[in-house]
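User: I have a predicted model to go through. Please take my questions one at a time and show the reasoning.
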Amino acid sequence: MRAIVNYGPLDYRLENVPDPIPGPEEVIIKVKASGLCASDLKCYHGGPSFWQGNPPYVKPPVIPGHEFIGEVVALGEGAKEKYGLEIGDKAVAEQILPCWECRFCKTGKYWMCERNYVFGFQGGIDDGGMAEYAKFPKGSIIHKAPKDLPDEYGALIEPLSCAIHAVERGEIQLGDTVVISGMGPIGLMMLQVAKLKNPGLLIALDTRDFRLEIAQKLGADIVINVAKEDAVKRVKDLTDGYGCDVYIEASGYPKSVPQGLDMIRKLGTFVEFGVFAEPATVDWTIIGDRKELNIHGSHLGPYRYPLAIEYLAKNIIRGDLIVTHKLPLESFKDAIKIAEDPNSNSIKILIIP
Ligand SMILES: [Zn+2]
Ligand SMILES: [Zn+2]
């Protein structure tokens, strides 16, 4: 089959590789759509958190891609019974491949699995979805999706599960003023999920107007371009000087952290989802002495795939404004260029093998 293979930073090649073969309790899918993630871009450029972590987060050669859906074409022994799958079904696996042996896996907190294998990062174990076929190895968490779910929405199940988890970590109460910083694909899905919580005021922040226009279409009450306007002042003015109740950081830009700590009210909840290329520097005193904040981290989308599938299948969460580009495997490098070009007006780019 044809696949993109990651050999190291800036060295991704389109190659012919052997078709995957299913072992016991394993599933092979024909990949229908595979999303390009901000983490793939950071990995492509050799971001420090990917290549110098301990243990290393990336082990090449590996086929990238962790946001993908496909049609079941082969079932290993016992897989049909274990997952309730038939040939021809649409299926998706959760992005993390838990070890099921560490303290976290054994207590149901599999998304924090100690070995942290995410599809598309550990060569030889968890090859990802940037290929014609993919294998869900033994131990994967596999979900069936409705056959009529469009493939391009199927590739959004993974990021939507992350968005649902992050919004739930915000513990939004009725009438709250909620600010979401960063209107990338996940931010735009967080916005739609937060809307379901019926907040009093839903505010979207970004530096690009076209993203804020989409945020408006998806239900933001107020959008603020932080490159053009003092967002802290504006949010305080909108809340009688108190600040927002909940701030969800989904931009991955270090400046978004002090901005959030400044605009959040006392006793508010700050959710950290973004991944930073550099450390964020803040006055830590704000968290305790000045505001007694709840700081909630958010990682992956545990237990939320079924809900993400339902929301996309029923159009409760719109995917049409999120998927902006679809490219074949051969155009993988163009996909990266488009994703990194601030003038391309891209949100989510899909590879369609
Ligand atoms: Zn991702
Ligand atoms: Zn584990």
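User: How are helix 9 and helix 10 oriented to each other?
Analyst: The axes of helix 9 (residues 231-238) and helix 10 (residues 256-263) cross at roughly 25° and come within 9 Å. Angles under 35 degrees count as roughly parallel. Helix 9 and helix 10 are therefore roughly parallel.

User: Which residue classes make up the contact of helix 9 with helix 10?
Analyst: Helix 9 brings Ala231, Val232, Val235 and Lys236. Helix 10 meets them with Gln259, Asp262 and Met263. The contact divides into four nonpolar, one polar and two charged residues.

User: How is helix 6 oriented to helix 11?
Analyst: Helix 6 (residues 157-169) and helix 11 (residues 305-313) pack with axes 8 Å apart, at an angle of about 110°. The range 65 to 115 counts as roughly perpendicular. That makes helix 6, relative to helix 11, roughly perpendicular.

User: What is the handedness of the crossing where helix 6 passes helix 11?
Analyst: Residues in contact include Leu160 and Ile164 in helix 6, and Ile309 and Leu312 in helix 11. By class, the contact has nine nonpolar, one polar and one charged residues. The crossing is right-handed.

User: Which residues coordinate the zinc ion (ligand 1)?
Analyst: The donors follow the spacing C-x28-H-E along the chain. Coordination is at 2.1 to 2.5 Å, through SG, NE2 and OE of, respectively, Cys37, His66 and Glu67.

User: How many residues apart in sequence are the parts that Cys37 and Glu67 tie together?
Analyst: Both Cys37 and Glu67 are buried. Cys37 lies in the loop between strand 3 (27-35) and helix 1 (38-44), and Glu67 in strand 4 (residues 67-75), so the pair ties together parts that are apart in sequence by 30 residues.

Technical notes: Residues numbered from 1 in each chain as written. Chains lettered and ligands numbered in written order. Predicted model: local features only at pLDDT ≥ 70, side-chain atom pairs only at ≥ 80, totals over all residues. Heavy atoms only, no water. Donors = N, O, S within 2.8 Å, 3.2 Å for Na, K, Ca; no water. Helix = DSSP H or I, 4+ residues; strand = E, 2+ residues; numbered from the N terminus. Buried < 20%, exposed > 50% of the residue type's maximum accessible area, 1.4 Å probe, protein only. Axes fitted to C-alpha atoms, helices over the stretch in contact; angles between N-to-C directions. Parallel < 35°, antiparallel > 145°, perpendicular 65-115°, else oblique. Contact = heavy atoms within 4.5 Å. Nonpolar A, V, L, I, M, F, W, Y, C, P; charged D, E, K, R; others polar. Left-handed = near helix turned anticlockwise from the far one by under 90°.
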